[in-house]
Amino acid sequence: MSDNTMHLMRLMMLTDSAFPVGAFSFSNGLETAAETGLVHDAATLETFAREIARQAAFTDGVAALHAHRSYSKEDFDGIVGADHQAMLCKLNAEARLMTCRMGKKLAELYTHMAADATATRWLQEIEAGRTPGSYPVAQGIVFAACGIGERELFCSHQYGAINTVLNAALRCVRVSHYDTQRILFRLADEIEPLCDEATKMEYEEMYAFAPQIDILASLHEKGTKRLFMN
């Protein structure tokens with residue numbers, strides 16, 4: 001098997017929605033957006049998913065890219081720095097819980113699949129409470145360890161952020177699989193400029209300004225309704 005084929009196979013594996021890190025358990029605030037009527041059809045869902053993708057690109061996307069570069073340079077402090085900065089961009093408790101659960105799960109899973117000193121050290125730091133262990137940083141480490149490039153990492157990250165919303169929408173918004181796949185297909189056209197911009201950013205330049213989404217997420221934390229079950 002050639003390196004390119006192997007890297008493609010691993011990229012598909014790590015990006016698959018069935019990859020067992022728990023991504024299916026969260027909706028990125030869509031439940032509250034649907035309950036309040038902000039998202040109620042395919043058009044409003046596309047707008048919401050686009051904003052989620054942009055917010056993710058300039059927060060988690062930047063963190064993932066810097067973790068990937070730091071792994072390649074054997075700069076463990078750079079990995080930890082990106083991790084802490086990513087957590088500063090999580091304004092609601094559910095987002096922090098989500099990213100830490102998924103990050104630790106990915107670290108655990110990868111250390112069971114492959115022997116890698118950096119990934120093992122990373123998991124030890126998480127378990128000791130010395131670093132939060134965010135999912136995008138775990139992605140950066142794992143993708144770099146697998147020899148998968150930065151742009152592929154960024155696309156995988158964006159695919160995950162968008163697909164989390166679209167999969168949840170099938171359970172709580174009046175849309176079909178045709179609608180969600182059309183939205184995913186269209187949003188793919190917008191990923192390259194996001195990647196170009198995120199690639200140039202230092203991790204201290206991350207920004208998460210999407211107040212309506214953050215308000216929806218905060219309402220969801222204190223809400224008593226759940227529109228779908230895991």
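**Ring contacts and a helix pair**

Y207 is partly exposed, its relative accessible area being 38%. This value, like the others below, comes from a predicted model. F58 offers a contrast: with a relative accessibility of 1%, it falls under the 20% limit and therefore counts as buried.

These two residues also meet through their rings. One aromatic pair was counted in the model. In this pair, the ring centres of F58 and Y207 lie 5.2 Å apart and the ring planes are at 20 degrees, which is under the 30 degrees required, so the pair is stacked. The stacking links distant parts of the chain, as the two residues are 149 residues apart. F58 belongs to the loop between α3 (42-57) and α4 (60-72), while Y207 belongs to the loop between α11 (191-199) and α12 (211-222).

Another ring, that of F76, has a charged partner. Here the charged end of R121 sits over the ring, 3.8 Å from the centre.

Helix α11, which comes before the loop holding Y207, takes part in a helix pair as well. Two packed helices are described by the angle between their axes and by the distance between those axes. For α9 (residues 150-172) and α11, the packing angle is about 120 degrees and the axes are 10 Å apart. An angle of this kind lies beyond the 65 to 115 degrees of a roughly perpendicular arrangement without being over 145, so α9 is oblique to α11. The crossing of α9 past α11 is right-handed. On the α9 side, the contact is made by E150, R151, F154, C155, Q158 and I162. The α11 side contributes I191, E192, L194, C195, D196, A198 and T199.

Key
Residues are numbered from 1 along each chain as its sequence is written. This is a predicted model: local features need pLDDT of at least 70, side-chain atom pairs count only at pLDDT 80 or more; totals for chains, interfaces and linings use all residues. Side-chain values use heavy atoms; hydrogens and water are left out. Rings of Phe, Tyr and Trp (its six-membered ring) pair if their centres lie within 6.5 Å; planes under 30 degrees apart count as stacked, over 60 as edge-to-face and the rest as tilted. Helices (H or I, at least four residues) and strands (E, at least two) are DSSP runs, numbered from the N terminus. Buried means under 20% relative accessible area, exposed over 50%, partly exposed in between (1.4 Å probe, protein chains only). A charge sits over a ring if NZ of Lys or CZ of Arg is within 6 Å of the ring centre and within 35 degrees of the ring normal. Axes are lines fitted to C-alpha atoms, for helices over the stretch in contact, and angles run from 0 to 180 degrees between N-to-C directions. Angles under 35 degrees count as roughly parallel, over 145 as roughly antiparallel, 65 to 115 as roughly perpendicular and the rest as oblique. A crossing is left-handed if the near helix is turned anticlockwise from the far one by less than a right angle, and right-handed if clockwise. Contact means heavy atoms within 4.5 Å.
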